[in-house]
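Colleague: Hi! Could you walk me through this one?
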Amino acid sequence: METYESVTFHRILINDRERSRAYRKAIFESVHEGDIVLDIGTGSGLLALFACQAGAKRVYAVERTAIIRVAERLARENGYGDRITFIDEDVRRMDLPEQVDVIVSELISKAVIGQHMEELTAICRDRFLKPGGRLVPRSVELFVAPVELPEQHAELDFPPFDEYQLDFSPARQLARNHTHSLGARIKKLAGGQVAYRVDTAKVCAGDNPDARLGFTVATAGILHGYCVWFSATLSENVVLTTQPPGLPAWDNIVFHLQEPVPVEPSMRIELALRATQPTAANPIWHWNTTIKETHGNSDPAPVLAQFQQSTFHGTVLTRDEMVRRSSQYRPRLTKQGDVLAALFSRLDGSASIAELAVKLHAQFPDRWRTREDAEIELQALLVGFHGSGYLAI
Ligand SMILES: C[S@@+](CC[C@H](N)C(=O)[O-])C[C@H]1O[C@@H](n2cnc3c(N)ncnc32)[C@H](O)[C@@H]1O
């Protein structure tokens, strides 16, 4: 998550010419002279600057990480400082003094979900977009295709039993329940299909991929897994796609199959692809596969192989973590937690950090050597709580 504040991350985004040119063209198509624009997650400010170039009268550029300081400087240096209002806030909590004509954003992850585009777009659209207002992107589609990728499959494997007289299958099973970035040549065994679609005019917080797809094998080969990419319709005439081999800003994600399966054009691959996105964690993906023989008269068609996979099964937990995730777990504060509870009980806006440090130092004399030490630690704690959205300014 914190990579979003690094200049390196935003340099890669800006330098992805296909991405930047497509967004610039789409913004020039969507923003009209004199428009008010909202840029959700402005990052380096690139889309806000494009909106100014396209004629926006005012742009509200919202960003919750420190990269906003770089965006402010870029806006000033380029002569757009007076037209962009930077808002240093999570968009879930911000307010605007007026409604906007256009909302722009680039919150698209490699497999579409992961940056809460659905939730953030829905919040801003419902609160701030004028009736008939425009959105960039208009829609984003997630594509999936069954693929053969022997090099990556071999790279991700463990030694066979014969090599060391050791069985690595439990580790292999975990590794194949992860998603991986595609770094190798692939052969598609059937055409890609749409597994999920975000229509920004209608999307709601809580929308998630949940697709049942059937692929008729087009080319014989070994099914190693599924490759995903997206196609984003940014404006009426601009489409940005990351189909393999992807773009500098987005490589492709692969969902590996538990075991490779040889497939032929007489076979059908059924895939149930589902995901959920917890607020403060990576999405959890589930991909269940059934491979059937469709030639012949058997009804129902015989099942040749079946796998149920999930990134949840790829997660290793310590015994303590397993206990903590149980619904029977009864949380209890440590001594350090008692300090936090005392601090929280005093956060009603009446005491300064210096006053809090005096009170807490007196209450927990063993915790800090001096009042100054208490103040330094409280300051760091409060910055963290503010970043997580628990504290008002
Ligand atoms: C993929 S970057 C895109 C940056 C820029 N719009 C561009 O296209 O170059 C997404 C940005 O949105 C910001 N962001 C994500 N969620 C946010 C939220 N809830 N509130 C404010 N900013 C957010 C991130 O910190 C990040 O800088």
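Modeller: Sure. A polar contact here is a pair of N or O atoms within 3.5 Å; within protein, one must be able to donate a hydrogen and the other to accept it, and residues adjacent in sequence count only if both atoms are side-chain atoms. This is a predicted model: local features need pLDDT of at least 70, side-chain atom pairs count only at pLDDT 80 or more, and totals for chains, interfaces and linings use all residues. Residues are numbered from 1 along each chain as its sequence is written, and side-chain values use heavy atoms, without hydrogens and water.

Colleague: Which backbone atoms lie by a nitrogen atom of the ligand, say at Gly41?

Modeller: A backbone N or O atom of Gly41 is 2.9 Å from a ligand nitrogen. A polar backbone atom of Val91 lies 3.0 Å from a nitrogen atom of the ligand.

Colleague: And what about the side chain of Glu63?

Modeller: One of its N or O atoms sits 2.6 Å from a ligand oxygen. The protein buries 98% of the 600 Å² that the ligand exposes taken alone (Shrake-Rupley, 1.4 Å probe).

Colleague: Switching topic, what order do the strands take in the sheet?

Modeller: S3-S2-S1-S4-S5, an open sheet with parallel pairing. Strands are DSSP runs of E, at least two residues, numbered from the N terminus, and two of them pair if DSSP finds at least two bridges between them.

Colleague: Which strands stand at the edges?

Modeller: S3 (84-88) and S5 (129-136); each has a single partner strand, so one side of each is left without a neighbour in the sheet.

Colleague: How many bridges join S1 to S4?

Modeller: Four bridges join S1 (residues 36-40) to S4 (residues 100-105). Asp39 stands opposite Val104 in S4.
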